[in-house]
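Please open the structure in your viewer and keep the sequence panel visible beside it. This tour suggests what to select at each stop and says what can be found there.

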Amino acid sequence: MTPAHVHPAPAAASLGLLESVVVAATLVVAAAYVLCVVRLRRRRDSWPCARLISFTAGLGAVVWAVLGVPLSGPFTAHMAQHLLVGMGAPLLIVLGRPLTLLLRALPPGRVRRGLVRLLHSTPVGWLVVPPVAAVLDVGGLWLLYRTDLFAESQDRPLLHAAVDAHVLFAGLLFTFAVCQLDPVHRRWRYAARGTTLLAAGAAHAVLAKSLYAAAPPGTAFTATDLHAGAQLMYYGGDVVGVALAVTLAARWYITTGRSLTRRAKAAAVLPR
Amino acid sequence: MVGSEDVDPVVAERAQPRRSIVVCAVIGAAVMAAVDEIVFHQLLAWHHFYDRSTGEVGLLSDGLLHTAELLALVAGFVLYADLRRRRALSPAHGRAGFFLGAGGFQLFDGIVDHKLLRLHQIRYGVDVTPYDWAWNLAGLVLVLIGIALAVRARRRSRTGSTG
């Protein structure tokens, strides 16, 4: 934490404000999630504890990453933060199925209807098309590391915060669109989502390897730092990519299992 | 999967030899790719994270192949579990598929990647001819084992169904 305090006073002040906004927003979201779970439990609906743990762990990871990493530290630290904010935390949050919970906890009425209308709206429909979400997510990373954006964001707290927010929300969108654990208006086939994951993973790996050879323009990291950061991006991306694939595969296995059981039950009822 | 235990999910499912071959071939290819990566990068260190000779096409194919290998491993195993759950796995065909996949990947890597596209080589700074021969012959042997196993599995399942 201490390196953050080395910054000149104005930067530190605005950084402190941004940090407190993140912490406050996270606390509000966490409280809302817990309230929804309590509401479900009160009417004797079940909600797995694992989802609550996963969701809060995801939020915790975001806070930890935002608070723990100095604005212009080594590349490796920056990369660790990005992996956490853009990939690890989104997966944990999406595994908590916040949308399913919200739709179940909200009483029928204006708010719930509005939410459903929003989810069924055309812009949201486009955003959760898996390839679109992938381009927003990984395309954003290419822009960040292959233009001056990264160097610019190093000493501008607001721009830096905007980049971080994009990384988080694009990561959430991509994970949401690929996993489709929450109800979505239009379901995409497993093959389409798997192919999207493949393309995004490949683009991520290529970017990581290219960073090994050429630093983002306008930056002066040491070669060792750059190499370690690039490898962290490559192998860290692998870990989360496999976790996403396992999520997808497990979901397929469970849903096909359910339809098999249904068919077996139907066959058992019918006389042979 | 507690739900599938009380009701037998098998509804007149028959062994699916073709699907068994394909699923196990996916696993075989992915395992071979993983073994290559572990042996040549980690153990022998003949390859490095970033080779100076790596061009843009090389980077792209490497990223694609590396990601595909990971996803194929996950997909292959869950499809295999599904075959077993439905009792549709034909083990003999599965074994044949594994060898076909492993050898097929080896040959593809050896001929298309190494020789035709010249994306990367097995080893740098030495004459690669003996390495190429060893690589491709090993792949060919694996494919031949796979073909032999497939022929035998097919013959057996035929006599099994008629007899």
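Begin by selecting chain B and showing its surface: in this predicted model, the chain exposes about 9,200 Å², and carbon and sulfur atoms supply 65% of that area. If you then colour the residues of chain B by burial, you will find that 40% of the 163 residues are buried.

Next, switch chain B to a cartoon view, where you can count five helices and zero strands, so that the order of elements, read from the N terminus, is α-α-α-α-α.

Which parts of chain B carry the annotation "transmembrane region"? According to the unreviewed UniProt entry, these are residues 21-44, 64-83, 95-113 and 133-151. Select residues 64-83 of chain B, a span that is 100% helix and whose end C-alpha atoms lie 27 Å apart. Then select residues 133-151 of chain B, where the span is again 100% helix and the end C-alpha atoms lie 27 Å apart.

With chain B still displayed, turn on its contacts: of those between residues at least 6 apart in sequence, 82% join residues at least 24 apart.

Finally, move to chain A and colour it by pLDDT, which has a mean of 89, with 92% of the residues reaching 70 or more. Among the elements of chain A, helix 4 (residues 98-105) has the highest mean pLDDT, 95, while helix 1 (residues 9-42) has the lowest, 82. Select residues 1-13 of chain A last, since pLDDT stays under 50 there and the model has eight contacts beyond four places in sequence for this stretch. Where pLDDT is low, the predicted coordinates should not be read in detail.

Note on methods:
Residues numbered from 1 in each chain as written. Chains lettered and ligands numbered in written order. Predicted model: local features only at pLDDT ≥ 70, side-chain atom pairs only at ≥ 80, totals over all residues. Heavy atoms only, no water. Helix = DSSP H or I, 4+ residues; strand = E, 2+ residues; numbered from the N terminus. Buried < 20%, exposed > 50% of the residue type's maximum accessible area, 1.4 Å probe, protein only. Contact = heavy atoms within 4.5 Å. Areas by Shrake-Rupley, 256 points an atom, 1.4 Å probe, with all protein chains shown as cover. UniProt positions renumbered as here; feature names shortened; annotations may be inferred. pLDDT = per-residue confidence, 0-100.
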